[in-house]
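Let's go through this one by asking where the labels come from. Have a look first, then we'll talk.

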Amino acid sequence: MQIGISSTLPAQNLHVFQVRRASFKCQKSPLNPLKKPHPSSQKPVSSASSTELTRQHLSNLEKLLQKTNQSDPEQVVKAPSNGSIEFKGKGLLEGLNLSRIWPEMKAAEEMSPRHLNRLQRLLSKTMEYSPRNNLGSRWREYHGCNDWSGLLDPLDENLRREVVRYGEFVQAAYHGFHSNPAMSTDAAPLPRHVALPDRSYKVTKSLYATSSVGLPKWVDDVAPNLGWMTQRSSWIGFVAVCDDRREIQRMGRRDIVIALRGTATCLEWAENSRAQLVQIPESDDPTQKVECGFLSLHKTPGAHVPSLAESVVEEVKRLIDMYKGETLSITITGHSLGAALSLLVADEISSCAPRAPPIAVFSFGGPRVGNKGFVERLTEKNVKVLRIVNNQDLITRVPGVFIGEGSEQQRQKDQQEKQRSESFARVFNMLDNNNPWAYSHVGTELRVDTKMSPYLKPNADVACCHDLEAYLHLVDGFLSSNCPFRSNAKRSLVRLLHDQKSNMKQLYTYKALSLNLERDRFSIPIPSCLPSPSR
């Protein structure tokens, strides 16, 4: 059966189509990567002529796009009433919807640069950054003076940027350790270079954590080549201070950052397992307790390095005296073990530095550290804590058993339950104060969810759910608890794809390989500042 053109087009437009059809020639685009040029047509082209041809092609392309985007009145082409097709402001070929007839055209369209542009942007870093917003008048609010009330759900754009920025400091601590994990047992360590993501800060002090326990002698006999994995003292983080006048003006104060990495050595894992609660040495209240292993890493000095607590207090006091008269803030950030130690560091600074500026903790995937008495101790000292928690992260649910949870919502619920029954309240308080496993979380919670990410598998493994880069990816895409992953998220997927490739959905893994971006990962320059998550 044949269908004439005149049966689908009105007579007044028939001559236009016939003229275009007569002048149409099937030609292959020279820009098509699938086109194989004939051997005889390959000629050496000088770089000057090649540049000129490129400019000419871009000029022609620009003219074509301008012509296509002209605001012409909408043309409506209607066929007769039997089987009419309406084209409104569309070209003839677009109106025919050829991708429905030939599936291979649909596949080609999905893999076109137009559809892959977003994925390519997320899989590559760009040197175009939007300006940071000025926080000067509201910096205390973003630093937690009101416990981040009204900023978390929906998540404030500026707070999102600050959370991601502090997470990048923790990643710098990880990189600083893994670049040179071994420490000499015969002499004090040399100063260590740390590549900070934000060049407006400078590192002023290296921090070390020491375990109070050692491995049995038979371990060295069985595995003598473990090296730094069995060392008692390890580099765990740094102290940095903002040293750029423009950034100080933007933030409204000079910020002191203390960044701490997570567990890396065998002895650090051993300390993590010492989950019994012990009293804080400086506390007169016997009900204020923290985990034994965390306290050990915080307080134990090494053979050639001071304890983490001593180093932090000494450096913070020095910086406060150096910048006396300026508006200062102290921001402590950490992941996993570093998140737990961040709370102990905040407690130490608030106790030993009475003139300390406002202290805030941004923790990622942190375990529970102490009991309810420790939570009240930090609250009395006005230490502000923002806990970023992944719903699927098991580390945030340990150590201890669920007796009293430290979130505000849970405390209010517990209070209501206590008021209902005085006898239950007495039993609950006895368990909460005397049970060695009665841990509580500290501070305000920002809860994200791996299942909300369109790129990660919903059944991602435990390591992915606890991974710091996965945390930053989820924070960058978080809008609110009842909204999907935001479509304009700007954080690059390169690092996430490299570290968690097995937990990425195969669709994005295959397309990333087709874009051939993963091989160039290490040649991408490190940006001097982070791109704005919202613009």
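Q: What makes β9 and β10 a pair, and how many bridges join them?

A: Strands pair if DSSP finds at least two bridges between them. Five bridges join β9 (residues 359-364) to β10 (residues 384-390), so by that rule they count as paired; they run parallel. One of the bridge partners is Lys384 in β10, matched with Ala360. Strands here are DSSP E runs of at least two residues, helices H or I runs of at least four, numbered from the N terminus. Keep in mind that this is a predicted model: local features need pLDDT of at least 70, side-chain atom pairs pLDDT 80 or more, while totals for chains, interfaces and linings use all residues. Residues are numbered from 1 along each chain as its sequence is written, and side-chain values use heavy atoms, leaving out hydrogens and water.

Q: Why are β3 and β11 called edge strands?

A: Because each pairs on one side only. The open sheet of seven strands is ordered β3-β4-β5-β8-β9-β10-β11, with mixed pairing.

Q: How do you know which strands α14 packs on?

A: By contact, meaning heavy atoms within 4.5 Å. Helix α14 (residues 337-352) touches β4, β5, β8, β9 and β10.

Q: What makes the largest nonpolar core a core, and which residues have the most contacts inside it?

A: The term means buried (under 20% relative accessible area, 1.4 Å probe, protein chains only) Ala, Val, Leu, Ile, Met, Phe, Trp, Tyr and Cys residues joined through side-chain atoms within 4.5 Å. The largest such set has 56 residues, with Leu159 and Phe238 making the most contacts inside it. Helix α8 (residues 157-178) gives the largest share, ten residues.

Technical notes: Buried < 20%, exposed > 50% of the residue type's maximum accessible area, 1.4 Å probe, protein only. Axes fitted to C-alpha atoms, helices over the stretch in contact; angles between N-to-C directions.
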